[in-house]
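Student: I'd like to take a close look at a single part of this protein. Could you walk me through one strand and what surrounds it?

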Amino acid sequence: MKTKHTILTAILLAAFAAAPLTSTTTAAAEQVAAAPAKANYYTKLVDIDFVKKYAVIPVRADVMIIDSRPAARKYDIGHIPGAVNIPDTQFDELAPKMLPPDKSMLLIFYCEGPECTLSHKGAFKAEKLGYTNIVVYTEGYPEWAKQGNMGAVSPAFIKKQIDEKATMVLVDSRPKARQYDKGHVPGAISIPDSEFDKMVDKLPADKATPLYFYCGGLQCKLSANSAEKAVKLGYTKVMMMPEGYPAWEKAYGSGATANSAAAPAAATMASPAGKGPEIVQGKEKGSITAASFEKILKEAPDSVIIADVRDPAEFATGSFKNAVNIPVNTLDKKIGTLPADKPIIFFCMTGARSGEAYDMVKLLRPELKVYFLNAAVKFAKDGSHTIVEAK
């Protein structure tokens, strides 16, 4: 009898050990192993590797990362790039305005580590509002920063540093003539990402000097690229302001400008390859109006070359039909292969990289008919898009 009991116990134990776990449970188990769950923890936990897939710039459209900590004392001075701030004490007020309308979207809450329950509180509250895909990154920002991941600061923090005349270097990674000269954060220096390697002498000799990079907003990758390059050069206090100049301008008004800004180009018209709708140039020299671009897309997309100058990973998340991917950081090597029989229209997500592509081609192959879309472009899961022309 004892032998049968022993055999039965062994079979049950073996079956339990072999039982499969879901991916969410696995992620939660890894996280809980580092910090045993408490009674007031949310039930679905994830680790840092899970978060890294979603904490990217440009921000992903299928997730919202939520920092539950206080703004001024925590979020402003350091947070996961792309995260929005909904402090637990203001959840009831801010959640209806800030949480996504799609209640199946992935929400990742975090706060100040295993002893902080603000993120768990936020997760429970979101669940009560009907959200169905919620997880908590329990280790939070302390682990994120400790493992050497890039941190982000808010425009409010940069404003405070400027007002207090703190020691720092603020770097604008956007194209100089096209964007920096027309408006930038006061005190920022211009080091366009495309010219970073040629302009490293503008960075401070002391590699412990705080460096803050920004560009054209949450869909602009230029500042993230430059910040990573600075880290590789040995700078030890590097962060970025992902919301960039648009958020600064919204909060504090237009910033400093260059002494001589170019006058806006008059709208002119050209015909793409002698057929299809005419190309209507926008306010910026070399730009195409959003309306003109949309008409070409609808009526004669084959009459032009539509070149997506974002990185391959961004291109893979969605683009215009028939668009070709020519990342701006590879354009100088491919510029000799660009066709001369059709107009080429460059675009990205903000107009920054597409403007750079236009400038580069006009400098090296001025005979080509090139334009750029100076607009904010977004692609939805169903393949649709929105274009908001720059003011």
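**A close look at strand 15**

Tutor: Happy to! Let's begin with one side chain: Phe347 is buried, with a relative accessible area of 0%. Bear in mind that this is a predicted model.

Phe347 belongs to strand 15, which covers residues 344-347 and is shielded on both faces. Ile345 and Phe347 are buried on one side, while Ile344 and Phe346 are buried on the other. That arrangement fits a general pattern: side chains in a regular strand alternate between the two faces of the sheet.

Now for the neighbours. Strand 13, residues 305-308, pairs with strand 15 in the parallel sense over four bridges. Within that pairing, Ile345 has Ile306 standing opposite. Strand 15 also pairs with strand 16 (residues 370-372), again in the parallel sense, over three bridges. Here Phe346 has Phe372 as its bridge partner. Between strand 15 and strand 16 the chain passes through helix 14 (residues 352-364), and the three elements make a right-handed β-α-β unit.

The rings give a second view of this part. Among the nine aromatic pairs in the structure is the one between Phe320 and Phe347, an edge-to-face pair with 4.7 Å centre to centre and 65° between the planes. Phe320 sits in the loop between helix 12 (312-316) and strand 14 (324-325), whereas Phe347 is in strand 15, so this pair links distant parts of the chain, 27 residues apart. Which side of the cut-off does Phe320 fall on, buried or exposed? Its relative accessibility is 6%, and since buried means under 20%, Phe320 counts as buried.

A further pair lies within the β-α-β unit. The ring centres of Tyr358 and Phe372 are 5.6 Å apart with the planes at 40°, so this pair is tilted. Tyr358 comes from helix 14 and Phe372 from strand 16, so the contact ties together parts that are 14 residues apart in sequence. Both partners are buried: Tyr358 has a relative accessible area of 7%, and Phe372 has 0%.

To return to where we started, Phe347 is also part of a cluster in which ring pairs link Phe293, Phe320, Phe347 and Phe379. If you follow the strand with that in mind, Phe347 takes part in this ring cluster, and Phe346 is matched with Phe372 across the bridge to strand 16. Phe372 in turn is the ring that pairs with Tyr358 of helix 14.

How values were computed
Residues are numbered from 1 along each chain as its sequence is written. This is a predicted model: local features need pLDDT of at least 70, side-chain atom pairs count only at pLDDT 80 or more; totals for chains, interfaces and linings use all residues. Side-chain values use heavy atoms; hydrogens and water are left out. Buried means under 20% relative accessible area, exposed over 50%, partly exposed in between (1.4 Å probe, protein chains only). Helices (H or I, at least four residues) and strands (E, at least two) are DSSP runs, numbered from the N terminus. Two strands pair if DSSP finds at least two bridges between them. A crossover is right-handed if, with the strands pointing away from the viewer, the path from the first strand over the helix to the second runs clockwise. Rings of Phe, Tyr and Trp (its six-membered ring) pair if their centres lie within 6.5 Å; planes under 30 degrees apart count as stacked, over 60 as edge-to-face and the rest as tilted.
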